[in-house]
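I set out to record what I looked up in this structure, entry by entry. The model is a predicted one.

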Amino acid sequence: MKKKLAFFIASFFGVGYVPFASGTFGSLASFILIYPAIRYFGWVGLAFLTLISFFAGWIASHTVLKYTEHDPGLIVMDEVAGQSMTMLILLPSYYKVGGNLALFFLLSFILFRFFDIKKPLLVGYVDQRVKNSFGVMFDDILAGIFAGLVGIILVAIFSFYPPALVVSALISSFLWGYFHTYLIFLFWKK
């Protein structure tokens, strides 16, 4: 692949050149493709977008890595593939529960960015150990899978229980835990 074309694709048409938080901007910019894929082609269109962004990023990153260090900030096609993967996993929940697609976009964005930045479990392992173009792309796919699975759980909880009930249960659990801990320390003193 030609050098200029590889940099253009890997940076998701230049988005990767944003001087700060290029991964976050890459994730946001991915919705420019994710929305029409869902709107006009549904789950199949989003699956196709995920595959195309993964393989295009893999091939372009292979060329870019010849001129840069491992996983430079300008490569954001991995964020496009990972964000697409998150929405691909969440999309059946949207079809089942309904609601506002923008809220699903927001949920997928927040969860994907969390898993992509923190890199827990297998995501961090791949990021640290697989030092090639496949590793650049695959750690974000894994982050997208984890984000999508957590998103499904959150959607299931909030669709089954009213959000006010969930929030009040969390607050009461926190307060009970705090009160319970206080009682233990109060009576445990020697």
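**Entry 1: a pair within helix α4**

I began with D116 and R113, which both lie in helix α4, three residues apart, about one turn of the helix. An α-helix has 3.6 residues a turn, so residues three or four places apart point the same way. I then looked up the contact and found that D116 forms a salt bridge with R113, with the closest N and O atoms 2.7 Å apart. The side chains of R113 and D116 are also listed as joined by a polar contact of 2.7 Å.

I checked the exposure of both partners. R113 has 10% relative accessibility and therefore counts as buried, since the cut-off for buried is under 20%. D116 is buried as well.

**Entry 2: from R113 to E79**

Which other acidic partner does R113 have in a salt bridge? I found E79, with the closest N and O atoms 3.8 Å apart. This pair links distant parts of the chain, as R113 is in helix α4 and E79 is in helix α3, 34 residues apart. I noted that E79, like R113, is buried.

**Entry 3: K119 and the network**

I moved on to the residue that follows α4, which is K119. I located K119 in the loop between α4 and α5. Its phi is near 50 degrees, a positive value in a residue other than glycine. For context, most residues other than glycine have a negative phi.

K119 forms a salt bridge with D139, the closest N and O atoms being 3.1 Å apart. K119 lies in the loop between α4 and α5 (121-129) and D139 in helix α6, so this pair ties together parts that are 20 residues apart in sequence. Are the two partners buried or exposed? K119 is partly exposed, with a relative accessible area of 21%, whereas D139 is buried, with a relative accessible area of 0%. I recorded that salt bridges sharing partners join E79, R113, D116, K119 and D139 into one network. For the whole structure I noted four salt bridges.

**Entry 4: helix α4 as a whole**

I next checked the geometry of helix α4, which covers residues 101-118. At 1.5 Å a residue, its 18 residues should span 26 Å, and the end C-alpha atoms are 26 Å apart, which agrees. At the N-terminal end, I found N100 as the cap: a side-chain oxygen of N100 lies 2.9 Å from the backbone nitrogen of A102.

I then listed the buried residues of α4. They are L101, F104, F105, S108, F109, L111, F112, R113, F115 and D116. The two salt-bridge residues of my first entry, R113 and D116, are thus on a list that also includes several phenylalanines, among them F104, F105 and F109.

**Entry 5: the nonpolar core**

How many residues does the largest nonpolar core have? I found 38, and those with the most contacts inside it are I34, I38, L46 and M87. The elements that give two or more residues to this core are α1, α2 (22-64), α3 (77-97), α4 and α6 (133-160). Of these, α2 gives the most, with eleven residues. As background, in soluble globular proteins nonpolar side chains tend to be buried together.

I also looked up A60, which lies in helix α2. At 0% relative accessibility, A60 counts as buried. A60 and S133 are 73 residues apart in sequence and 8.3 Å apart in space, C-alpha to C-alpha.

**Entry 6: nonpolar residues at the surface**

I turned last to the surface. Which residues form a nonpolar patch there? They are M1, L5, F8, F13 and I59, with about 500 Å² of accessible area together.

I examined two members of the patch. L5 is in helix α1 (residues 3-10) and is partly exposed, with a relative accessible area of 43%. F13 is found in the loop between α1 and α2, and at 48% relative accessibility F13 counts as partly exposed. F13 has a positive phi of about 65 degrees although it is not a glycine. I filed F13 beside K119, whose phi is also positive.

Key: Residues numbered from 1 in each chain as written. Predicted model: local features only at pLDDT ≥ 70, side-chain atom pairs only at ≥ 80, totals over all residues. Heavy atoms only, no water. Patch = residues over 30% accessible without salt bridge, like charges linked within 9 Å, V, L, I, M, F, W, Y side chains within 5 Å. Areas by Shrake-Rupley, 256 points an atom, 1.4 Å probe, with all protein chains shown as cover. Salt bridge = Lys/Arg side-chain N within 4 Å of Asp/Glu carboxyl O. Helix = DSSP H or I, 4+ residues; strand = E, 2+ residues; numbered from the N terminus. Buried < 20%, exposed > 50% of the residue type's maximum accessible area, 1.4 Å probe, protein only. Expected span 1.5 Å × (residues − 1). Polar contact = N/O pair within 3.5 Å; in protein donor to acceptor, adjacent residues only side chain to side chain. Core = buried A, V, L, I, M, F, W, Y, C linked by side-chain atoms within 4.5 Å.
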